[in-house]
Amino acid sequence: MNKRTRFVILLVVLAICFVFLWPSISWYGRTPEEVKALALGSTEKLKDYATVKATEDVISIKEIIKADSSVEPTAEYKWLVKEAKKEYKAIGVKAPKNITMKEVLAAYSTEQSFATVIQAHYRDEILKAKKYYQNSVKLGLDLSGGMNIIVRADLNAAVAAQGESINSENVAQFKKEAMANAIENLSSRIDRFGLTSPVIRQQGEDRIYIEIPGAAQADTINTLIMGKGVLNFRLVDTQATNAFNAYYYQNPITTFNAAGELMDSSIIPEDCEVFGEYVKDEYDLDERTGWVVVKKEIALDGSHIKSAEVRADQFTNQPEVCINLDTDGAVLFGEFTQAHIGENLAIVSDNKIKSNARIQSAITGGGVSLSGGFSTEEAQNIQKVLQTAWLNVPLEVESQQVIGASLGDQSIKQGVFAIILGLGLILVFMLIFYKASGINAVIAQILNLYIMFAILSGFNLTLTLSSIAGMILTIGMAVDANVLVFERIKEELRQGKSRAVAISMGFDNAFWAIMDSNITTFIAAIFLSQLGTGAIQGFAVSLAIGVVSSVFTALFVSRLIFDFYTDVLHSKKVSIGWGIKQ
């Protein structure tokens with residue numbers, strides 16, 4: 001392989017590494033702290049933030065226009081000019097050349113559509129930062145602080161609670177569904193309360209591992225884990241719903257305050273409440289599609305649900321959600337639906353409308369079918385909501401460990417100091433002992449760290465104290481390859497070989513010695529990463545990555561630097577140690 005090809009390969013590797021590193025650089029170096037806090041928060045917090053900011057901006061813009069209708073957008077709202085021009089183009093109207101703030105607002109048919117554009121701007125800004133975080137190197141709890149919890153799910157108690165409704169053949173499948181539902185409920189519950197990027201996964205048959213970076217109150221976490229989701233059925237007040245939506249269409253900004261409360265409670269009946277009707281959007285966020293006014297009185301509590309599954313309607317073949325109620329629930333639901341035929345019934349979960357279906361006839365016998373032109377995905381989402389009510393698995397906190405944020409900061413500083421100190425001392429030694437050739441080792445070691453962090457970032461791996469220990473060990477081991485090569489080159493020079501021949505034979509003779517030692521280390525690291533857990537696994541993964549990158553930099557990059565001095569700068573001698581005569 002000629003030098004030009006090797007140089008191109010090196011540039012490609014460095015470019016790919018930069019692409020891998022960019023999310024980490026953007027997250028840790030370019031993202032403001034306030035944006036980080038929002039990006040690490042729950043989706044609910046993100047939606048609230050975007051909604052409130054959009055409302056504030058609409059009010060502010062209207063006040064600006066009221067004070068001076070000819071004013072052009074300030075730097076803060078300059079981005080709206082581009083959006084307004086898109087809107088003008090969409091409706092087939094030529095946009096004004098020097099667009100004013102009033103003309104920006106006039107591009108939109110309603111204030112709500114204008115607020116939606118602003119809300120999307122804030123949302124996309126935070127989602128972009130969240131994406132950077134998801135694709136960056138994560139800091140483990142020992143570096144970022146936080147807490148980890150192991151929760152035991154009492155699956156036998158959940159089976160016993162089902163009584164005779166479940167036979168022995170279906171116990172294993174029931175436990176699997178119950179466990180999956182418990183994990184999903186915990187994920188939703190913890191995320192909804194704004195806790196930072198939780199890691200929730202199953203361990204073994206009946207354990208759930210929860211890892212929450214950042215500051216979190218142990219009592220709050222325990223309450224969330226032991227709590228249960230709220231789900232119920234309520235009657236929809238169709239007339240009040242239509243009246244409210246008409247009012248909201250005319251007054252989108254002043255209907256609710258920043259806390260989401262009605263500013264004028266008289267616009268709905270006293271015995272009613274208004275909730276948003278939601279579906280999942282392309283960001284997997286709950287997207288509100290409208291408002292529904294429901295009675296405060298609960299028609300049926302979710303605890304009466306025994307099971308829920310998605311089936312195909314026998315006549316239309318459309319997906320429908322089939323629910324089985326217990327004996328008391330069947331009686332209550334039968335009486336209620338008999339009295340409200342032709343009216344709408346809503347499923348309310350965590351103060352959100354998840355389904356709004358018409359009661360076609362009295363539903364007796366405990367079997368309920370929900371249909372309404374659902375897609376398969378919508379039907380499955382409703383099924384999951386209903387499962388929250390009936391697949392309640394008793395949870396018990398088995399162990400809990402809290403690591404303070406200050407301790408995490410101290411660990412980061414100590415780890416960075418250890419890497420810099422270790423790298424610095426090794427590089428000083430190489431420069432003193434191998435003179436100018438030590439510069440090759442310096443460059444190789446810096447590139448080695450660069451590639452290691454790039455791989456960590458590219459594969460979204462977590463950086464822990466044990467990972468840093470693996471990196472420090474790798475730095476020392478990587479120098480071994482340089483030492484072997486340099487000593488081989490010195491032997492060839494002592495025999496009177498020229499620079500080019502000595503370098504070529506030095507690398508060739510040292511190749512298999514370097515490969516043998518690194519292959520055995522790599523095999524050991526792979527076994528440790530597969531069989532070990534926790535700190536051992538983190539150490540092994542970083543060691544394995546370091547072995548690969550150090551071989552590449554020692555044999556490929558270092559030789560390319562030597563050849564550059566030989567062929568481009570036309571060097572005749574090698575500055576590689578004391579007492580070498582050339």
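Which residues in α16 meet which residues in α17? In this predicted model, the residues on the α16 side are M477, A481, L484, V485, R488, I489, E492 and L493. Their counterparts in α17 are A502, I503, M505, G506, F507, N509, A510, A513, I514 and T521. By residue class, the contact of α16 with α17 comprises 13 nonpolar, three polar and two charged residues.

Two packed helices are described by the angle between their axes and the distance between the axes. Helix α16 spans residues 465–494 and helix α17 spans residues 499–531. The angle at which they pack is about 150°, and their axes are 8 Å apart. Because angles over 145 degrees count as roughly antiparallel, α16 is described as roughly antiparallel to α17. The crossing of the two helices, α16 and α17, is right-handed.

Aromatic pairs were also examined. A search of the whole structure finds 19 such pairs. In one aromatic pair, formed by W27 and Y133, the rings are tilted, with 5.1 Å from centre to centre and 55° between the planes. This pair links distant parts of the chain, since W27 belongs to helix α1 (residues 3–30) and Y133 to helix α6 (residues 111–134), 106 residues apart. Both residues, W27 and Y133, are buried.

A further aromatic pair is formed by F429 and F433. Here the rings are stacked, at 5.5 Å centre to centre and with 15° between the planes. F429 and F433 both lie in helix α14 (residues 405–434); because they are four residues apart there, about one helical turn separates them. Unlike the buried W27 and Y133, F429 is partly exposed, with a relative accessible area of 44%. F433 is likewise partly exposed, its relative accessible area being 37%. F429 and F433 also belong to a cluster linked by ring pairs, together with Y434, F486, F507 and F562. Of the cluster members, F507 is also among the α17 residues that meet α16.

The remaining site considered is a loop residue. S69 is located in the loop between α3 (43–67) and α4 (79–90). Its relative accessibility is 40%, so S69 counts as partly exposed. Leaving aside residues up to four places away in sequence, S69 touches T100 and K102. S69 and K102 are 33 residues apart along the chain, and their C-alpha atoms are separated by 5.8 Å.

Conventions. Residues numbered from 1 in each chain as written. Predicted model: local features only at pLDDT ≥ 70, side-chain atom pairs only at ≥ 80, totals over all residues. Heavy atoms only, no water. Axes fitted to C-alpha atoms, helices over the stretch in contact; angles between N-to-C directions. Parallel < 35°, antiparallel > 145°, perpendicular 65-115°, else oblique. Left-handed = near helix turned anticlockwise from the far one by under 90°. Contact = heavy atoms within 4.5 Å. Nonpolar A, V, L, I, M, F, W, Y, C, P; charged D, E, K, R; others polar. Phe/Tyr/Trp six-rings, centres within 6.5 Å; stacked < 30°, edge-to-face > 60°. Buried < 20%, exposed > 50% of the residue type's maximum accessible area, 1.4 Å probe, protein only.
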